[in-house]
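Q: Please take a close look at the sheet in this model. I am new to the structure and would like to follow how the sheet is put together and what packs around it.

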Amino acid sequence: MSTQPAFPPGAASAAPAGGSSAPYPPHDAAGTNALTLAAYEARAEVYAAQTENAGSIAHRTFLRRLARVAPPGLVLEVGSAQGRDAAYLERHGRRVRRTDATRAFVDMLRRQGREAHRLDVLTDDLGAGTHGPYAAVLANAVLLHLTPAQLALVVTKIHAALAPGGVLAFTVKVGDGQEWSEHKLGLPRFYQYWREAPLVALLEEAGFARVDVEVDMGRDQGYQWDWLYVLAWRD
Ligand SMILES: C[S@@+](CC[C@H](N)C(=O)[O-])C[C@H]1O[C@@H](n2cnc3c(N)ncnc32)[C@H](O)[C@@H]1O
């Protein structure tokens, strides 16, 4: 497998954050997510090794809360990666459909003996007609890779894929603006940072009836970032 980022055809050379001389697509280009996914394809094993046992107390509390508050039924996980959270939810009584846009993660999950499907939350149908509507959709540290315009589109799709009373659960990093970062994987991933108010406004605009946001002070645990933990309910 190539270790070089697969630059999308026609990607413009935008000055990346962090001073690297590599050409990255402008933040609103269609190639933004493709380049991020190329990093995961190339470094899936590295990512999995770094994160298989990760998960703060706040993170596990968030997952247990999701398991408790979602109505009965199937949970769709997008961006499952190594499957840590799906396994945790299953230990707490939920059925989970594992998916990821990165083929290497889907293959990894299948090698574990799990059923897993390739699903790109930006471009694919979420499968509500065949597997859903879903009781919940979980996207831990996934939607932070989308631009605000992409996120608006995706949360609208997710809203439509949820059963009445269904819950969208996701986390994003706290901050302002956006950047490319080669942190941890050594290849560029796009990050969009969020504050609570604009995120809640975006979710309400997509039709979510109730939004609950908690801040995890990740720096307390030695992480670089604080996180927003979001639960959003469909009426
Ligand atoms: C930071 S990792 C988080 C993985 C896992 N949820 C976790 O908590 O460890 C981001 C994940 O989002 C996935 N991802 C990025 N863009 C995606 C997209 N458009 N559709 C589905 N998954 C995507 C990546 O493949 C990767 O698995």
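A: What follows goes through the sheet strand by strand, then turns to the helices and the ligand.

The model is a predicted one. Its sheet is open and has 7 strands in the order 3-2-1-4-5-9-8, with mixed pairing. At the edges stand strand 3 (116-118) and strand 8 (210-216); each has a single partner strand, so one side of each is left without a neighbour in the sheet. Direction ignored, neighbouring strands are turned by 20° against each other on average.

Strand 1 is a good place to start. Strand 1 covers residues 74-77 and pairs with strand 2, residues 95-100, in the parallel sense over 4 bridges. In this pairing, L74 is opposite R95 of strand 2. Between the two strands the chain passes through helix 3, and the resulting β-α-β crossover is right-handed.

Strand 1 also runs parallel to strand 4 (residues 134-140), to which 3 bridges join it. Here E77 has L138 of strand 4 as its bridge partner. Strand 4 is in turn joined to strand 5 (residues 162-173) by 6 bridges, and these two strands run parallel. A136 is opposite V167 in strand 5.

Two helices lie across parts of the sheet. Helix 5, residues 148-161, lies across strand 4 and strand 5 and runs at about 150° to strand 5. Helix 6, residues 196-205, lies across strand 8 and strand 9 (227-233), at about 155° to strand 8.

Another pair of helices makes a contact of its own. The axes of helix 1 and helix 4 (residues 103-111) come within 8 Å and cross at roughly 45°, which makes helix 1 oblique to helix 4. Helix 1 contributes Y40, E41, A44 and A48 to the contact, and helix 4 contributes R103, A104, F105 and M108. By class, this contact has 6 nonpolar residues, no polar ones and 2 charged ones.

Helix 1 and helix 3 also take part in the surroundings of the ligand. Helix 1 (31-51) and helix 3 (84-91) each supply at least two residues of the shell around the ligand, and the largest share, 5 residues, comes from helix 1. There are 21 residues around the ligand, of which G79, A81, A101, T102 and V121 come nearest. The shell divides into 10 nonpolar, 7 polar and 4 charged residues.

Methods
Residues numbered from 1 in each chain as written. Predicted model: local features only at pLDDT ≥ 70, side-chain atom pairs only at ≥ 80, totals over all residues. Near = placed C-beta within 6 Å. Nonpolar A, V, L, I, M, F, W, Y, C, P; charged D, E, K, R; others polar. Axes fitted to C-alpha atoms, helices over the stretch in contact; angles between N-to-C directions. Parallel < 35°, antiparallel > 145°, perpendicular 65-115°, else oblique. Contact = placed C-beta atoms within 7 Å. Pairing = 2+ DSSP bridges. Right-handed = clockwise from strand over helix to strand, strands pointing away.
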